[in-house]
Amino acid sequence: MQQIRLPQAIVERLTPTQIAEQLATLTTGYTPDPEQELRESTYYDLPVLKAPVWHWEIIWYFFFGGLAAGCYLLASIAALFGSREDRIVARTGYYLSLLALLPCPPLLIKDLGRPERFLHMLRMFKVRSPMSMGVWAVMSFSFFSGLTTLIQAARDGLLGHARGVRWLALLPQSWLALPGSAVALLLGSYTGVLLTATSIPLWSRSKLLGGIFLTSAVSTSIALISFVLRLVRTPLGTLHKLERLEWSVLLLEMLGLLAFLRASGRAARPLVGTAPTEHGTTFWRFVFGTGLALPWLLQTLSLLTKRSPQRRFPGLLISLLVLLGGYFLRRTMVEAGHTSSQDARTTLWNAQS
Amino acid sequence: MIVETSQRTTSPELVQNIVSPLLKQPVPPMQPAMGFFTDTSICIGCKACEVACKQWNELPANEAHWSGTSYDNTRQLSATTWRHVQFIEQIGRERPQISTLPFFNNDRWLMHSDVCKHCANAPCQEACPTGAIIRTEFDTVYVQQDICNGCGYCVVACPFGVIARDEHASHTARKCTLCYDRMKDGIEPACAKACPTDSIQYGEVEQLKALARERVGLLHERGVSEARLYGVDDNMLDGGLNSFFLLLDEPAVYNLPQNPSRPSNNVVPASLWSIVTALVLSLLGIFFFSNNK
Ligand code: SF4
């Protein structure tokens, strides 16, 4: 009897911070050992690295860039492989992709120290520099997304019926979809690769960030597209496809994040730990909790109970939660990167042998 | 060279300003690789190098700040501090007594004039998307101030926390130039010139490396077994450093990473994982969309 009650008693008495701390230890496989860490040498604990100069602009850029890439990819898959009914995903996806892309260039330019020199980025084509590759990805994606959406708009009659427009509507949109999707995949993942190719322990240790950002780009895009589709009349089959896709992508994202935490070990503390400078409470609440686990559970439930997917609740809620989680994933990842750069001991530990 | 004054620009000038960054300029003939050998065993912590660097490069003084930990109130390299002297106080070291004489004890003060390492494979230069960061004809790493647009990627790429974005004046990335302007005229950099003990030596990298090996051998001979070289062999960042050090303790004591990884080496594994993820995601999408049950 007592043995059964004991764990329950412990669970009841745990504060949210303590739960976050337990999760951090469990997922990273690293138990903080303050005594051991204090014995490690540093120079008065002054940071070894410089803090990133990237702030809110880059967080929103990661978010919108992911949506632009993910929406384009989903729209193309729906157009190429979906049924006639699924065309609505293609249409919505292409429009949303261009919309999400619009804020990206201004955010990127505003982020520069010398915004008026943004064109200097185009002096180079440097395969080993993800920043350079990213600039070219944004440029070429703008072309594909812009043209694809223009064709879509012409077909939907949004551009009037001039001869040029009719001509435009005849262009083979599906030919663009394949190279466009390849560029979209590059756009959705390079941001994570960019963070990996730095000296910041949290970002660079596991090498998995590109995959995680790409997965999150797709999961948030499914959420955005289904959110919009739920507001209009959409064929049930299509919604059902999106729901099942969302379920599996969320699962993939959770597994990816867990692998990231395990591979990063001690370096992941700024993201998941609960010390005052660490971002664990936000991470466990808004990224892993309400951003991934909760919508995934809700999605599981609604798929299991086979409720009509036309019912807006909980579909709309799931979408909102996933979008919020995607934003907080980027936000905590960037902010915890700042924390990570200031931790001399972990930086020096990370650079051993 | 440092601050661009906001003079009125005429339109031909404006056009020139826009076009010139895009033009290739003739490359000066290659010179032998030049670098620094900073021998911390003879540093006396006078900070002449810090001051000389600021003077020559017209860098503003640091804001007064009391670190409270040592005589080092500079604390770190920054966009406007390109030499930085550390004061490491080692009191009550657990170590066998070197002498039984009462006035010899194990307490010591380590001093170390830190500077850009001018890495042979410089992560800052590899990261730079504009090509502002170049290798000069002296094989040093130099940031072209008229090209840099302050994207900040080099700041997080540098494994030594050297390069930084100047948030007050130029808004570009700045760091030690190894006194490129002086080198072009065949004069040694300001810090090396000012150093009264020759703790900072300037010269051809190969010669300096031989000198460094000789010096560490001598110290070992004299019983300073903890002396070691940092960045002289080719292991660090796959090619060694052109500005290297002789240290009297583990690198970590000086806040130097023991064996930092080269960020650009992460591009391939990170891209491979991204490609795997891209395949899985695309296949999932194709599977669910083509499945019309
Ligand atoms: S030490 Fe840092 S700033 Fe200097 S060359 Fe190496 S990477 Fe660049």
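Start where the two chains meet: across the interface of chain A and chain B, the rule finds zero salt bridges. Keep in mind as you click around that this is a predicted model.

**Stop 1: the chain A–chain B interface**

Colour the two chains separately and select the residues in contact. You should pick up 66 residues from chain A and 83 residues from chain B. Between them the chains bury about 6100 Å², and 61% of that lies on carbon and sulfur atoms. Now show side chains for Tyr43(A), Lys50(A) and Arg128(A). On the chain A side, these three lose the most area to chain B, together 14% of what that side buries.

**Stop 2: a salt bridge inside chain A**

The interface came up empty for salt bridges, but a search of the whole structure turns up 20 of them over all chains. Side chains of opposite charge can pair when their charged atoms come close. For an example, select Asp86(A) and Lys241(A): their closest N and O atoms are 2.5 Å apart, and the two form a salt bridge. Which parts of chain A does this pair tie together? Asp86(A) sits in the loop between H4 and helix H5 (87-101), while Lys241(A) belongs to helix H12 (residues 236-264), so the pair links parts that are 155 residues apart in sequence.

**Stop 3: H4 against H9**

Next, select residues 56-81 of chain A, which is helix H4, and residues 173-196, which is helix H9. Two packed helices are described by the angle between their axes and the distance between the axes. Here the axes come within 9 Å and cross at roughly 150°, which means H4(A) is roughly antiparallel to H9(A). The crossing is left-handed. Sorted by class, this contact has 14 nonpolar residues, seven polar ones and no charged ones.

**Stop 4: H9 against H11**

Keep H9(A) on screen and add helix H11 (residues 209-231) of chain A; the two axes come within 7 Å and cross at roughly 140°. The crossing of H9(A) and H11(A) is right-handed. On the H9(A) side, look for residues including Leu185(A), Gly188(A), Ser189(A) and Gly192(A); from H11(A), they are met by Leu209(A), Gly210(A), Phe213(A) and Leu214(A). How do the residues of this contact divide by class? There are six nonpolar, six polar and no charged residues where H9(A) touches H11(A).

**Stop 5: H5 against H7**

Finish with H5(A) and helix H7 (residues 130-155) of chain A, whose axes come within 9 Å and cross at roughly 135°. That angle makes H5(A) oblique to H7(A), and the crossing is left-handed. Among the H5(A) residues in the contact are Arg91(A), Tyr94(A) and Tyr95(A), and H7(A) brings residues including Phe141(A), Ser142(A) and Gln152(A). By class, the H5(A)–H7(A) contact divides into six nonpolar, seven polar and one charged.

Conventions
Residues are numbered from 1 along each chain as its sequence is written. Chains are lettered from A and ligands numbered from 1 in the order in which they are written. This is a predicted model: local features need pLDDT of at least 70, side-chain atom pairs count only at pLDDT 80 or more; totals for chains, interfaces and linings use all residues. Side-chain values use heavy atoms; hydrogens and water are left out. Axes are lines fitted to C-alpha atoms, for helices over the stretch in contact, and angles run from 0 to 180 degrees between N-to-C directions. Helices (H or I, at least four residues) and strands (E, at least two) are DSSP runs, numbered from the N terminus. Angles under 35 degrees count as roughly parallel, over 145 as roughly antiparallel, 65 to 115 as roughly perpendicular and the rest as oblique. A crossing is left-handed if the near helix is turned anticlockwise from the far one by less than a right angle, and right-handed if clockwise. Ala, Val, Leu, Ile, Met, Phe, Trp, Tyr, Cys and Pro count as nonpolar, Asp, Glu, Lys and Arg as charged, and the others, Gly among them, as polar. Contact means heavy atoms within 4.5 Å. Buried area is the accessible area (1.4 Å probe) that two parts lose on being put together, summed over both. A salt bridge is a side-chain nitrogen of Lys or Arg within 4 Å of a carboxyl oxygen of Asp or Glu.
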